[in-house]
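Please brief me on the fold of this protein chain. Put the focus on one strand and its partners.

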Amino acid sequence: MTAQSRGVPDLHAVQSDYRIGAHYFPGWKHGDHWGWNKIAPFPERKPLLGWYDEDNPEVTDWEIKWALEHGIDYFVYCWYRDKSRMREPMTAAGQRHGHAIHDGLFHSRFGDRFQFAIMWECHNAGVALDERDLFENLLPFWVDTYFSRPNYLRFDGKPVLFIYSYYSLDRIAEPFGGEANLARVLERLRSEAVRRGLPDLLLPFEYRDAAA
């Protein structure tokens, strides 16, 4: 019997002076992206939860319980857009690998006791068609679906939209006329977020030392 099938006891979060998060790539649901077929040949890598489905709210409760009990107080979920549906109004169905948030986190028992954020994945998925698509389609969806939730990650009251990555600036900027325009577009993104009722929007980029 796996831990997943026994029910989830109440959690007992540890206290810390630090805010620590974990990057969450939702690529392990069976039939979605890699699934577990990549890992199954290596039984020593089998998770404590077994071969779980990330869209199962009980799985999410186990993840939240173990995170909070070990000093991790938020997940940063990878957020991918579905390139094939970029000309449609943005909905949950218009993204890829959204199951961990929409089916798991949003229906979990412990979800409101845990913070989350999204990381806009721009390196190999759809970014935006143009500025109008970003400001009139993507941003309203993010605000209504994520940023407005009380458990969305904030610093000084400001929601955080992580962007992947610093090394993908050319791909991020291409729909907006190139890298020379990117700073202006990102400043406008913050201004539009304020216009929609947020105090501001923090936009940290993923960056890693190439020598690491």
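The points below go from the whole chain to strand 2.

This is a predicted model: local features need pLDDT of at least 70, side-chain atom pairs count only at pLDDT 80 or more, and totals for chains, interfaces and linings use all residues. Residues are numbered from 1 along each chain as its sequence is written, and side-chain values use heavy atoms, without hydrogens and water.

**Whole chain**
- The protein chain has 5 helices and 7 strands (DSSP runs numbered from the N terminus: helices are H or I, at least four residues; strands are E, at least two).
- From the N terminus, the order is β-α-β-β-α-β-α-β-β-β-α-α.
- The radius of gyration is 18 Å, close to the 17 Å of the globule rule for 212 residues, so the chain is as compact as a globular protein of that length (C-alpha atoms; the rule is 2.2 Å times the number of residues to the power 0.38).
- Buried residues make up 48% of the 212 (buried means under 20% relative accessible area, 1.4 Å probe, protein chains only).

**Strand 2: cover**
- Strand 2 spans residues 74-81, and 8 of its 8 residues are buried.
- One side carries Tyr 74, Val 76, Cys 78 and Tyr 80; the other carries Phe 75, Tyr 77, Trp 79 and Arg 81.
- In a regular strand, side chains alternate between the two faces of the sheet.

**Strand 2: partners**
- Strand 1 (residues 21-24) pairs with strand 2 in the parallel sense over 4 bridges (pairing needs at least two DSSP bridges).
- Ala 22 has Phe 75 as its bridge partner.
- Strand 4 (residues 115-121) runs parallel to strand 2, joined by 6 bridges.
- Phe 75 stands opposite Phe 116 in strand 4.
- Strand 3 (residues 95-96) is antiparallel to strand 2, with 2 bridges.
- Tyr 80 has Arg 96 in strand 3 as its bridge partner.

How values were computed: Buried < 20%, exposed > 50% of the residue type's maximum accessible area, 1.4 Å probe, protein only.
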